[in-house]
Amino acid sequence: DAFNNLSDAGSSCVTLLGFHLAGQKPDVHHPFGHGRFEYLSGLAVSMLILLMGVELAKESLNKILHPALVEFSWLVIGILAASICVKLYMAMYNRSLGKKLSAPALLADSLGDCMSTSAVLVATLIGHYFQLPVDGWVGILVALFIFKGGIDAAKDTIDPLLGKPPTPEYVKEIEDLVMAHKEISGIHDLVVHDYGPGRVMISLHAEVPATGSVMTIHDTIDNIEQELHRKLGCEAVIHMDPIATDDSTTVVLRNKITELAHCIDPALSIHDFRMVTGPTHTNVIFDAVVPFKFRLSDHEVEQEIQAAVKRLDSSYFAVVQIDRDYTK
């Protein structure tokens, strides 16, 4: 338990250092800021938690191989009980603060400390009243619990470092905000880049009427980017994709090919649809969005869509670009 407390002190020092480094302003070498230091400090804390679990498991195994009753003292019982109360408060406070600040370094500090000290207290009482050397076995159980907490904490910090998709709620906020503008017909290719808590950059493609005024639409796009920054605290870059909205032939064909894609698999969708009509055939050009780990390869998806379009009309030739959805 003393080693546990020592590792906690070290973890807190690492967390404080991480917050200090993450708070540095962007510079010429790191133009997106230093926010990911919070993830690195959270990873370091999780490594200390795992180290604590290893040391506890080693000591516990030694106790199992060489069992001995723990020396009993009411002073020790009182200190352990007081320690449990303090650790419980600290764990709850850190979790609340970590969620409020989206700080994984604070979230890595779990209830494992409280459970560890509680196990020490219980093992001491059982050993005293029942004369059973259970200290080693209880220590192994606590070590396993600590291992799980350390692994979960490491995963929570590694995921954003490697790049994980945004939450569905965040995606919905972006979609609702952008689609609230009547000039926007649809959005796709949304990508969210996380450079640390409060340091997010997003990019997306916005479908706009091809017949609209470029200056008017550009002004709308600028306003949307500013609104995203103001309301969601992110830096946004929006690419305009002109689409035919007043050509009934294009609209009808796009809807039919969308249905064909859904018949292949409901998870498929299309965007950037356009037609190029020639004397002998018509090219229908569009992007098909395919989920990760899809049951078909990109080539198979392309072939199935082309075959379905050809069955729709033998004069149609589908030119398909395969895309990925980076929000799921």
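Colleague: Which residue stands opposite Ala206?
Modeller: Met240, in strand β3. This is a predicted model, and the positions discussed here come from it.

Colleague: What makes β2 and β3 a pair?
Modeller: Two strands pair if there are at least two bridges between them. Strand β2, residues 200-209, is joined to β3 by 10 bridges. The count meets the cut-off, so they pair. The two strands run parallel.

Colleague: What is the strand order in that sheet?
Modeller: β1-β2-β3, in an open sheet of 3 strands with mixed pairing. What makes β1 and β3 edge strands? Each of them pairs on one side only. β1 covers 186-194 and β3 covers 234-243. On average, neighbouring strands here are turned by 15 degrees against each other, ignoring direction.

Colleague: Which helix lies across β2 and β3?
Modeller: Helix α8, residues 214-232. It runs at about 150 degrees to β3. Angles go from 0 to 180 degrees between N-to-C directions.

Colleague: Glu227 is in that helix. Why is Glu227 called buried?
Modeller: Its relative accessibility is 13%. Buried means under 20%. The value falls below that limit, so Glu227 counts as buried.

Colleague: What does Glu227 touch, leaving aside neighbours within four places in sequence?
Modeller: Leu177, His181 and Leu232. What makes these contacts? Heavy atoms must lie within 4.5 Å.

Colleague: What is unusual about Asp189 in its backbone?
Modeller: Its phi is positive, about 55 degrees, although Asp189 is not a glycine. Most residues other than glycine have a negative phi. Asp189 lies in strand β1.

Colleague: Why is Asp189 called partly exposed?
Modeller: Asp189 has 23% relative accessibility. Buried means under 20%, and exposed means over 50%. The value sits in between, so Asp189 is partly exposed.

Colleague: Which other residue that is not a glycine has a positive phi?
Modeller: Lys293, with phi near 55 degrees. Lys293 sits in the loop between β5 and α10.

Colleague: Why is Lys293 called exposed?
Modeller: Its relative accessible area is 88%. The cut-off for exposed is over 50%. Lys293 passes it, so the label is exposed.

Colleague: Let's turn to β5. Why is β5 described as largely enclosed?
Modeller: Of its 9 residues, 8 are buried, so the rest of the structure largely encloses this strand. Each buried residue falls under 20% relative accessible area.

Colleague: In which order do the strands of the sheet with β5 come?
Modeller: β4-β5-β6. The sheet is open, has 3 strands and shows mixed pairing. β4 (269-277) and β6 (316-324) are the edge strands, each pairing on one side only. Neighbouring strands are turned by 15 degrees on average, direction ignored.

Colleague: How do you know that the pairing is mixed?
Modeller: Take the two partners of β5 in turn. β4 and β5 pair in the antiparallel sense over 7 bridges. β5, residues 282-290, and β6 pair in the parallel sense over 9 bridges. Both senses occur, so the pairing is mixed, and both counts meet the cut-off of at least two.

Colleague: Which residues mark those pairings?
Modeller: Between β4 and β5, Arg274 has Ile285 in β5 as its bridge partner. Towards β6, the bridge partner of Phe286 is Val320. Val289 stands opposite Asp323 in β6.

Colleague: How many residues lie between the strands of the β4 and β5 hairpin?
Modeller: There are 4 residues between them.

Colleague: Which helices go with this sheet?
Modeller: Helix α9, residues 248-264, packs on the sheet and touches β4, β5 and β6. Its direction makes about 135 degrees with that of β4. Helix α10, residues 298-312, lies across β5 and β6. It runs at about 150 degrees to β6.

Colleague: Last topic, empty space. How many cavities of 30 Å³ or more are there?
Modeller: The count comes to 1. About 40 Å³ of space lies in the largest cavity.

Colleague: What makes a space a cavity?
Modeller: A 1.4 Å probe fits there but cannot get out.

Colleague: Which residues line the largest cavity?
Modeller: Ala68, Leu69, Val70, Ala123, Gly127, Leu132, Pro133, Val134 and Asp135. By class, that lining has 7 nonpolar, 1 polar and 1 charged residues. Gly counts as polar and Asp as charged, so Gly127 is the polar one and Asp135 the charged one.

How values were computed: Residues are numbered from 1 along each chain as its sequence is written. This is a predicted model: local features need pLDDT of at least 70, side-chain atom pairs count only at pLDDT 80 or more; totals for chains, interfaces and linings use all residues. Side-chain values use heavy atoms; hydrogens and water are left out. On a 1 Å grid over the protein atoms alone, a cavity is a set of points where a 1.4 Å probe fits but cannot get out, and a pocket is an open set with protein on both sides within 12 Å along at least five of seven lines; lining residues have an atom within 4 Å of a point. Grid points are joined across faces, edges and corners, and a volume is the space filled by probe spheres set on the points. Buried means under 20% relative accessible area, exposed over 50%, partly exposed in between (1.4 Å probe, protein chains only).
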